[in-house]
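Let's walk through this one together, question by question. Keep the structure open while you read.

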Amino acid sequence: MNIDLTDTTSSQINAALVQARRAAGIPAVGMVLTLVIVTDEGNHYDALKAASEASKEHPSRILVVIRRPGRSPRERRTARLDAEVRIAGESGTGETVLLRLHGELAGHAQSVVLPLLLPDAPVVVWWPDDAPEHPSEDLLGRLAARRITDAQATEDPVATLALRARTYTPGDTDLAWTRITPWRSVLAAALDQKHSAITSAVVEGEAYNPSGELLALWLAERLRVPVQRQVSEGPGLTAVRLETADGTICLDRANGSLAELAMPGQPDRHVALQRRDRSELIAEELRRLDPDEMYASAVKFGVSRLAKGLSGPAEQPAARAGAGAASGAAASGGSGKPGGGARPEPAHKAAGAPARTPGGAGDAGTGGAVGKAAS
């Protein structure tokens with residue numbers, strides 16, 4: 001059921017929601033959170049489609065904020081709110097409200113959104129495209145327990161990672177990190193089986209894929225060994241190689257869906273590492289509303305090297321962790337200290353091309369933020 005409202009107010013939108021629920025015979029109970037999507041007219045369709053799919057797993061009220069400040073001085077002086085209320089059907093299992101803020105109202109989105117939040121329910125804000133430099137200080141971001149960005153949608157993903165590290169506040173996360181959770185899970189499980197010392201690591205992936213940078217940072221922070229980034233044809237991440245005293249542990253995904261795990265002294269095995277779409281990424285992020293400490297540790301580790309774009313050889317760490325200790329840290333989600341660890345080379349420098357966006361992941365082996373999209 002759809003209800004269109006022109007030149008309306010938040011109270012009228014709330015009344016329309018009640019009317020639509022009664023007409024559809026759907027109670028308000030059962031919705032677990034409010035998801036606020038901040039986007040523009042050109043990109044809202046794809047973002048809303050992903051959120052609607054995710055709402056089948058997490059019934060929620062979806063508020064899509066579309067700012068339309070206007071191009072002419074006259075349009076910018078106006079202040080008008082148009083809304084479209086959708087219940088069930090295409091909107092998944094919850095409620096969807098499209099909010100188009102015209103003129104001066106575009107700069108006061110929080111005043112429109114606040115009366116529409118579900119009472120006593122957590123709030124998640126997602127910027128599918130352009131996010132503010134400091135999400136937690138944004139007026140909409142202040143309303144949220146979780147703030148989701150996507151470095152892959154930016155012009156310079158590596159610089160965006162450096163910005164996210166500088167402005168990180170508990171509750172922040174990035175879909176670039178979400179995308180590498182399956183990789184981290186498989187690697188942590190492999191290290192649980194192999195107890196020889198790790199001496200170095202290599203991460204292969206597309207030059208325009210910042211998920212590779214985050215995976216390299218995570219390995220360097222967890223294992224305390226030199227980590228190199230190498231450019232491949234893709235798609236996405238293609239391989240991770242860990243050098244040990246007994247041989248090479250290799251996780252190779254050449255086709256973007258099925259990977260092969262090779263370990264010294266064991267037969268090769270196939271592992272499902274399907275690249276996932278944004279609906280699966282958002283659904284994964286909505287499973288946890290507590291701060292993602294592993295993301296914070298990874299994005300902050302060696303981020304100054306990423307920001308400077310250094311492409312020299314990886315530094316030797318002060319101490320090397322054995323595979324048993326490293327896998328235990330990866331599986332437990334314990335935090336390491338960044339002193340002395342090697343830092344990865346940015347892929348875009350190795351390729352001589354500008355970097356693109358990263359993919360994210362949760363804690364490998366912890367059950368915390370697991371299941372995020374393979375990049």
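Q: Does Arg288 count as buried or exposed, and at what relative accessibility?
A: Keep in mind that we're looking at a predicted model. Buried means under 20% relative accessible area. Arg288 falls under that cut-off, so it counts as buried, with a relative accessibility of 5%.

Q: Which residue meets the side chain of Arg288 in a salt bridge?
A: The two side chains come together at 3.8 Å, N to O. The partner is buried too, with a relative accessible area of 0%. That residue is Asp292.

Q: How many salt bridges does a search of the whole structure find?
A: The pair of Asp292 and Arg288 is one example of a salt bridge here. Another joins the side chains of Arg86 and Glu84 at 2.9 Å, N to O, and both of those residues are buried. Searching the whole structure gives a total of 17.

Q: How far apart in sequence are the parts that Arg61 and Glu95 tie together?
A: Arg61 and Glu95 form a salt bridge, with their closest N and O atoms 2.8 Å apart. Arg61 sits in strand β3 and Glu95 in strand β5, so the pair links parts of the chain whose separation in sequence is 34 residues.

Q: Which residue is linked with Arg61 and Glu95 in a network of salt bridges?
A: Arg61 and Glu95 are both buried, and they form a salt bridge with each other. The network also takes in one more residue, Arg21.

Q: What share of contacts between residues at least 6 apart in sequence join residues at least 24 apart?
A: Let's step back to the whole chain, which has 13 helices and 14 strands. Of its 375 residues, 56% count as buried. For contacts between residues at least 6 apart in sequence, the share joining residues at least 24 apart is 76%.

Q: How much area does the chain expose?
A: Now for the outside of the chain. Carbon and sulfur atoms supply 49% of the exposed area. The total is about 15,100 Å².

Q: What covers the buried residues of α2?
A: The buried residues in α2 are His44, Ala47, Leu48, Ala50, Ala51, Ser52 and Ala54. Their cover includes one helix, α9 (278-285). It also includes the strands β2, β3 (60-68), β4 (79-87), β5 (95-103) and β6.

Q: Which residues form a negative surface patch?
A: One member, Asp40, lies in the loop between β2 (33-39) and α2 (44-54). With 33% relative accessibility, Asp40 counts as partly exposed. The complete patch is made up of Asp40, Asp130, Glu155 and Asp156.

Q: What is the phi of Asp120?
A: Most residues other than glycine have a negative phi. Asp120, in the loop between α4 (109-113) and β6 (123-126), isn't a glycine, yet its phi is positive. Asp120 counts as exposed at 85% relative accessibility, and its phi is about 55°.

Q: Where is Arg224, which has a positive phi near 60°?
A: Arg224 is a residue other than glycine, and its phi is a positive value. At 12% relative accessibility, Arg224 counts as buried. Its place is in the loop between α8 (211-223) and β10 (227-231).

Note on methods. Residues are numbered from 1 along each chain as its sequence is written. This is a predicted model: local features need pLDDT of at least 70, side-chain atom pairs count only at pLDDT 80 or more; totals for chains, interfaces and linings use all residues. Side-chain values use heavy atoms; hydrogens and water are left out. Patches are made of residues with over 30% relative accessible area and no salt bridge: like charges are joined within 9 Å, nonpolar side chains (Val, Leu, Ile, Met, Phe, Trp, Tyr) within 5 Å. Accessible areas come from the Shrake-Rupley method with a 1.4 Å probe; for residues, only the protein chains shown count as cover. A salt bridge is a side-chain nitrogen of Lys or Arg within 4 Å of a carboxyl oxygen of Asp or Glu. Lys and Arg count as positive and Asp and Glu as negative; His and the chain ends are not counted. The place of a charge is taken as NZ of Lys, CZ of Arg, CG of Asp or CD of Glu. Helices (H or I, at least four residues) and strands (E, at least two) are DSSP runs, numbered from the N terminus. Buried means under 20% relative accessible area, exposed over 50%, partly exposed in between (1.4 Å probe, protein chains only). Contact means heavy atoms within 4.5 Å.
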